[in-house]
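Work through the exercises below with the sequence and the 3D view side by side, trying each task before reading its solution.

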There are 4 protein chains.
Amino acid sequence: MSDAQVVKLEFDPKNMPFRRLGLSGLRVPLFSLGGWLTLGGTVVGDPVKDIIKTAFDAGINMFDTAEAYAAGKSELEMGRVIKELGLRRTDLIITTKLFWGLRKGPNDGGLSRKHIIEGTQESLARLGLDYVDVIFAHRPDNTVPMEEVVRAFNYVIEKGWAFYWATSEWSAREIEEAYHVADKLGLIGPIAEQCQHNMFHRERPEQEYEPLYKKYGLGTTVWSPLASGLLTGKYNEGIPPNSRLATEPMFKSTVKSLQQDEGKEKIRKVRELTKLAHEELQTTPAALALAWLAKNPNTSTVILGATSPEQVTENLKALEVLPKLTDEILEKIERILGNKPAPPPTYGRPSLDRFGRL
Amino acid sequence: MSDAQVVKLEFDPKNMPFRRLGLSGLRVPLFSLGGWLTLGGTVVGDPVKDIIKTAFDAGINMFDTAEAYAAGKSELEMGRVIKELGLRRTDLIITTKLFWGLRKGPNDGGLSRKHIIEGTQESLARLGLDYVDVIFAHRPDNTVPMEEVVRAFNYVIEKGWAFYWATSEWSAREIEEAYHVADKLGLIGPIAEQCQHNMFHRERPEQEYEPLYKKYGLGTTVWSPLASGLLTGKYNEGIPPNSRLATEPMFKSTVKSLQQDEGKEKIRKVRELTKLAHEELQTTPAALALAWLAKNPNTSTVILGATSPEQVTENLKALEVLPKLTDEILEKIERILGNKPAPPPTYGRPSLDRFGRL
Amino acid sequence: MSDAQVVKLEFDPKNMPFRRLGLSGLRVPLFSLGGWLTLGGTVVGDPVKDIIKTAFDAGINMFDTAEAYAAGKSELEMGRVIKELGLRRTDLIITTKLFWGLRKGPNDGGLSRKHIIEGTQESLARLGLDYVDVIFAHRPDNTVPMEEVVRAFNYVIEKGWAFYWATSEWSAREIEEAYHVADKLGLIGPIAEQCQHNMFHRERPEQEYEPLYKKYGLGTTVWSPLASGLLTGKYNEGIPPNSRLATEPMFKSTVKSLQQDEGKEKIRKVRELTKLAHEELQTTPAALALAWLAKNPNTSTVILGATSPEQVTENLKALEVLPKLTDEILEKIERILGNKPAPPPTYGRPSLDRFGRL
Amino acid sequence: MSDAQVVKLEFDPKNMPFRRLGLSGLRVPLFSLGGWLTLGGTVVGDPVKDIIKTAFDAGINMFDTAEAYAAGKSELEMGRVIKELGLRRTDLIITTKLFWGLRKGPNDGGLSRKHIIEGTQESLARLGLDYVDVIFAHRPDNTVPMEEVVRAFNYVIEKGWAFYWATSEWSAREIEEAYHVADKLGLIGPIAEQCQHNMFHRERPEQEYEPLYKKYGLGTTVWSPLASGLLTGKYNEGIPPNSRLATEPMFKSTVKSLQQDEGKEKIRKVRELTKLAHEELQTTPAALALAWLAKNPNTSTVILGATSPEQVTENLKALEVLPKLTDEILEKIERILGNKPAPPPTYGRPSLDRFGRL
C-alpha cells in the first residue's frame, strides 16, 4: 500500500458489535487493536499502517497503546499512521497508559501527580493528538495516596486531555478505593479495568471483580486474550525455535513454566480445545478463545495484537464463532478447562438469582 | 378454629419464593396479604384470624395495612390476630401506610413531619407493635417540601419504629426527587413503591418506573393485581348484583366504565384470557393474572386481598402457574391484551441490549 | 438585499417583551426564531438573510439551531448570515443542540462526554462562533449516566463554549435527575427545556413539568407552537397538495392521523378557533395560537419557524393579540379544546391555593 | 468450684500485654477466649465457669461469642457464667457476632437491617447484658447494600447496644467499601476484622489486608490460631480416634485433606516446628504457633479456644515464648513453612522502605 492510496476514510462499523465501556457513554468495538510488543516494537513503518488500515476497515476503530510500549515508539508509530491515513479523530477511540516512564529518574513513572500530568503531555506529544479517549493507570502505585491519583486523573480530564480514565491490573480493593475517593470528593472515578483475561487466567476477572461489575458497572478491556499465543495451539507440539516465546527474553519464565507439570497440563488442554474448535465449530483454537472472552458480558473489548494485517483478519473470525457458542459448547469448554472460579460464597444463607429472587 | 387451637407457629416458607424488596436486605414472599377493604372492613373477628393463619401456613409472612384502611380497624384487627396467633415478630413482615389520617383536621394527614411522626405512633399503637418493617407514604404530598418528608421518614427509622420506608402511587419524578434529597443529605431513601399493577394498568409500573428499576433497583409491592376482581372473570357475564362492584359505592365509576366501550373491550379480553387459562394452562384467569405479575422481575411481592381462607388458597394457585408461563404463553397474553407499553425511545440512536451491547 | 445594504445593526427590542430564561439571568425575547426544517434546509442563501434581518429588526434577537438541522447546514447558514449582517455578538442569543451527530459511527451522537465535547466544537466551527448562549441536549440519552452528561455540559460551559445548558424533550424525571446530579456535585444544572407545546400537545408542558416550574423555576423554549401548521387553519379545508404536510415524507404519519377520527376532531376544533380568532379578536388563528402560548407564564420563548420574512411579521401579530386574551377568551378556548390537563391530584386532602393557603 | 467460692473479682491484667483494637481506643488483651465449638457446645455447666475464671485470673478479660455458636447456647452459657462469677461489666470486653440466625426464615440471618437490629436484641437477651463491646458481622452479605449494613451497625451503636462494630471474614474490597460508605455518610466504620490466621493460613491476613493495616489501621482478632489443632502437633503421628478432628463431622474435609499430599506436607512441617519448639525454645509447638501470631504487629488479639482451664494456662505459655522470637528464629520458621506471602508488587518501580524512603 503506497501513500497514494491513502484516502480520508469513513468509519463503517460493519458487523462489528459495540459495547459501552463500563457504564460510560463511550461505545467500544468488541475487538480492538493493541500496540503491546508489536506496533512500534517488532513491527515498524509501512506494516504498521497496513495493520491499522485493515483493522479500521474491519470495524476496529479503537487503538490501545502506552507510554511504555516500545519505550514510546508505539505511541509515535500509532500517531504517525493515524495522521497518514487521514482518519477523522471523532471516528477513533485512542487509549494510552501511564506508569513506566521512559527515563529512569525517581519521579519518572508511577502515579504521582507529577508523572500523571507530565506523562500525559508527553504521550499526547508522541501521539500528535490533543486528547486521548481513555487514559489508563497502567498499574497501581501504593506509594502514592489514592486521593493524589484520582485528583491527577481528574485534572487530566478537566484539561481536556482525556475523556475518561481507567485502571490496569489493579486489585478489587484498589478500584474500590478509587471509587471511594472519587465519590467522596465529587470527582470522576475510573470507568474500566484493563485486565489480563484468558482461558488460563480467570480468577481476577471472573471472581475478584465480580462485585465491581455488579455495583459500579466496571468495564474491562482484556489483554493477553490468547495467553501469549498459547491458546492459538502453536505450541501444541513444542515451542518452535523462531516463535516469540523462544526468542523474546521476557518470556523466558513462560517457556520454563510450559516445560513443568502445570505447563504440560495447559498444553494438553489446548490440544483438546483445538480438537473442539476444529471438529465442532470448524474454526481455529485462537478464534474460539477470543470468542469465548467476547461472549462474557463483562468484557467490554478484547484487545488483539497483530504483526500483520492477515493476523487481524484471522483473529476477527472470532466474530463468526460468537453465535455458535451455545450453552452446550460453553459447558464442554468448562469441562476441558476445569478451572472455573467458584461463585461468591453465600455461607449457608439462601442465595438469590439475578433478579434478587431466592 | 377455636382459641384452643392457637399454637406458637414456626414459620416455614415451604414453596413460597422470596425476593429482595428492591435492593434492600429484606426478603419478601412473592405473594403477601393486604388488608385493604377486607381485613377489619368487610371481614372482622375470627374470620380474620382464619385468613391470616391460612396465609402464614402457606408461606405468606408479609401483611400490609394502612392507617386509612377501615379507618384504623384494619390495623387493630391485624395487631390483635398476630398476638392471638402467637406469631413471632421476627418471622413476620408488617407494613403500614400513612397519608389519610383518621380525623379531619388540616394537620391530620398528608406527609408533614407532624403527621408522619404522630401518625406512625398511632399506627403502632393500633397494631400493638414496637415497629413495622416498612412504612409507606400512601400518596405523594406536593404541599410538603420533599426534604421534610425524607427527614421525617428517617426520623421514624432512627427511632426504631420502622426498618425501611417506601412510597405508594408516586410519580417517577417524585421518587427521583426523594432519592435526590436523601442522597444529598446522607439520609435513607425509599426502597420500594406500592403501585397499582395489573393487566389493565401497566404504563406506570412497566414504563414510567423503568429507569428507577435500573438506576436505583426500586422494588414494587403490587396492589389491585386483579383489577378490582375484573381479572377473575366474575364479570364476564355482567356484574352480579351482590358483588363488591355492585354494592360498594366507591366502585360506582368502575361499574360505569365497564358499561362503556372501553369497559366492554376489557371484558372481551378477560373472556379470551379465561379461555387461555382454562384450555392451555388448566387454571383460573385469576391465577393466570397473578402469576403474570409474579413473573415480572421488577415485582417484589403481589399483595393479595381475601375475604376467606379459601380465597388465599385459591389465589396461591398462581405459584403453580408461574413455571408454565413460557415465552410463547406470554406472547399470547400480549396479543390478547394489546396494551404493552412502548419501550423507552432511543431517538434513532443505536440502542443497547441488557449487557450494554449494541 | 445586497451585501451593500449590510450595516452594523443596533439592536432595538421595540415592543418585544423579554422574559428570563427560567431562573437564569438571561433575558430572552417572547418570540424567537428557529432553524428547524427551514433555515439551511428548505431555505438557503439570501432568503435566510432576509428572514433573519426581518426578525432582528422586529426585536427577535434569539436564534435557535441544532447540529442535526439540515445535517449541519442550518448552523452553517445561520453563522454565515450573522457574519454577513454584521450583527454584534452581544446583541444576539444563539442556541444550538446536540444529540444526532452528522456521521453514523457508534460514538457520533448521543450524550456521551466524547460527543458533547467533540460535537460542541464542531457546531461552533460551523457557526463560526466562539460560543453559543445556550447549548441543549436535543434528547435524553438513557445509555449514558446522568453524571457524565452533567459533567460534560459543565465542561463545555467552563471552557467558555456556552453560557448555559438546557434540555429538550426530557421527561420530568430525567430533568429532576439532572438537578440531582448537578446539586450533589456542585455543578451547573439545566435552566430550561425545549419542549413541544401547542393547543394539541399539552400534557407534558402543562402537567408533567408543573412541579419543575414551581420547584426549580424551569424555563421553556417552545417548539412546534402551531402543531406543524395545523393551528394556522391552512388544513381546515383539507391538505393542500403543495403544503409541507403533503410534500415532506417525515409528516406522512401526521397526514394519516389527520384523516382519522382524532385528526378530524382536531380540524373541527381549529375551525372553531378560526371563527373565534376572526370574529372576536380580529386576528388569525395562528396569531391566536401563538399568543395563547405566550400568555402562559411558564413559557420563556416561543420559537417561530419561517420560510419568508413575511411569515415572521405575520406571526408577530401574536404580540397584538396577547393583551386581548382575557379570562373570558381563555375560557372559551378551553371549551373549544376540551383537553386541559388535570391539575395534580390532592387525594382528598384539602388543597392549597398558589400562595399556600387552604 | 461451688457458688460459695464466687467472689467479686477485681481484674488484674498481670503480665498480659494489651493492644489497641485497630485504631480504636479499646485496649484488648493479646490473648482472648472464644466460645466457638467449646463453650455452650462441647463444654457446658460448671466447666465453663472454671475455664472463664481461669482465663480472667490470668489476665484474659475479653470473651468472644456469636449468635450461631452452639445455636445460641454459647451466649447463654457465657452470660450465665459472667453473672455467677460476679465479674464487673467494666472489667470485661464481650464481643458477639451476627449472621447465622437461629431460625430458618428468609429474614432470619444475614446482614439486613431487620436481622442486625432484631438479632442484636436477641443476642443481648441471651447474654443477659445491656451491651457488648464489639459486635461483628460474622460474614459479608453481598445481598444487602453496604449502606444498609453500615447504617444498621451504627444504629446498634447509637442505641447503646455496642461500643464498636467489626467484620469477620470479609474481603479487603468489602472492608474498603464499608469504610467508603461510613466515610461518605459520616458514620462509624468497622475497627477490626476477625480473620482466620495461622501458620498455614496466611495470604489474606498477611497480604490481602496489608493496605488496610497501613491506610486505616485495621485491627485483627485472630481465630483458628492453631489450625484446628494441627499446630499443637497432636496429629504428628496420625489423627487420634477420639480427637475433635476424628469425631466432629464438620472437620471431615480437613481430615481428608490431611491424608492427601498437601496435608502430609503440612504435618511434615509441624514435625519440624515441634523440633524447633522443643530444642531451641524449650516450649510446645502450640505455644510457638500462638507466639508467632502475637509477634505480628497487625494482630490485636489471638482468640484461644479451650475445653479445660488447663488448656488456657497451657496456651498462655505463648507469652513466655514471645520475647524469644528473635529475627533468627523467625527466619528459621519461615524456612520451615516456605509459604510467606509475597509483598505487594512494585512493578519495577523503585520501592520504598517503611519510612517512605527509596
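## Exercise 1: Where chains A and D meet

Across the interface of chain A and chain D, six salt bridges are found. This is a predicted model, and the values that follow are computed from it.

Task: Find which side chains meet in a salt bridge of 2.5 Å across this interface, and describe the side of chain A that touches chain D.

Solution. Side chains of opposite charge can pair when their charged atoms come close. Here the side chains of A:Glu176 and D:Arg173 meet in a salt bridge, with 2.5 Å from N to O. Beyond the salt bridges, the interface of chain A and chain D holds 14 residue pairs in polar contact, counted where both residues have pLDDT of 80 or more. The elements that give two or more residues to the side of chain A that touches chain D are α5 (172-185) and α7 (210-216) of chain A, and α5(A) gives the most, with eight residues. By kind, the residues of that side divide into 15 nonpolar, seven polar and 11 charged.

Task: State how much area is buried between chain A and chain D, and which residues of chain A lose the most area to chain D.

Solution. The size of an interface is often given as the accessible area lost when the parts come together. Between chain A and chain D the buried area is about 2600 Å², and carbon and sulfur atoms give 55% of it. In chain A, the residues that lose the most area to chain D are A:Arg173, A:Tyr347 and A:Arg349, which together account for 30% of what that side buries. Counted by contacts, 33 residues of chain A are in contact with 33 residues of chain D.

## Exercise 2: The relation between two copies

Task: Work out what kind of axis relates chain A to chain D.

Solution. Two copies of a chain are related by a rotation about an axis and a shift along it. Chain A is superposed on chain D by a rotation of 180° with 0.1 Å of shift along its axis, at an RMSD of 0.1 Å. That is the relation of a two-fold axis. The same surface serves both copies, as 100% of the contact residues of chain A recur in chain D. Of the residues of chain A, A:Arg173 comes closest to the rotation axis, its C-alpha lying at 2.0 Å.

## Exercise 3: Salt bridges within a chain

Task: The structure holds 98 salt bridges over all chains; take A:Glu75 and A:Arg126 and decide whether each is buried or exposed.

Solution. The closest N and O atoms of A:Glu75 and A:Arg126 are 2.6 Å apart, and the two residues form a salt bridge. The pair links distant parts of the chain, with A:Glu75 in helix α2 (residues 73-85) of chain A and A:Arg126 in helix α3 (residues 113-127) of chain A, 51 residues apart. A residue counts as buried under 20% relative accessible area. A:Glu75 is therefore buried, at 0% relative accessibility, and A:Arg126 is buried too, at 15%.

Task: Repeat the decision, buried or exposed, for A:Lys340 and A:Glu334.

Solution. The side chains of A:Lys340 and A:Glu334 meet in a salt bridge, with 3.7 Å from N to O. A:Lys340 is exposed, having a relative accessible area of 57%, whereas A:Glu334 counts as buried at 16% relative accessibility. In chain D, the side chains of D:Lys340 and D:Glu334 meet in a salt bridge of 3.8 Å, N to O; D:Lys340 is exposed at 58% relative accessible area, while D:Glu334 is buried at 16%.

## Exercise 4: Buried places

Task: Explain why helix α11 (residues 285-295) of chain A is described as largely enclosed by the rest of the structure.

Solution. Of the 11 residues of α11(A), 10 are buried, so the helix is largely enclosed by the rest of the structure. Among the buried residues are A:Pro285, A:Leu288 and A:Trp292.

Task: Locate B:Ser32, and say which side chain it joins in a polar contact of 2.9 Å.

Solution. B:Ser32 lies in strand β3 (residues 31-34) of chain B, and it counts as buried at 1% relative accessibility. The polar contact of 2.9 Å joins the side chain of B:Ser32 to that of B:Thr301. Leaving aside neighbours within four places in sequence, the residues in contact with B:Ser32 include B:Ile60, B:Met62 and B:Val302.

Technical notes. Residues are numbered from 1 along each chain as its sequence is written. Chains are lettered from A and ligands numbered from 1 in the order in which they are written. This is a predicted model: local features need pLDDT of at least 70, side-chain atom pairs count only at pLDDT 80 or more; totals for chains, interfaces and linings use all residues. Side-chain values use heavy atoms; hydrogens and water are left out. Helices (H or I, at least four residues) and strands (E, at least two) are DSSP runs, numbered from the N terminus. Buried means under 20% relative accessible area, exposed over 50%, partly exposed in between (1.4 Å probe, protein chains only). A polar contact is a pair of N or O atoms within 3.5 Å; within protein, one must be able to donate a hydrogen and the other to accept it, and residues adjacent in sequence count only if both atoms are side-chain atoms. Contact means heavy atoms within 4.5 Å. Copies are superposed by least squares on the C-alpha atoms of residues with pLDDT of at least 70 in both. Buried area is the accessible area (1.4 Å probe) that two parts lose on being put together, summed over both. A salt bridge is a side-chain nitrogen of Lys or Arg within 4 Å of a carboxyl oxygen of Asp or Glu. Ala, Val, Leu, Ile, Met, Phe, Trp, Tyr, Cys and Pro count as nonpolar, Asp, Glu, Lys and Arg as charged, and the others, Gly among them, as polar.
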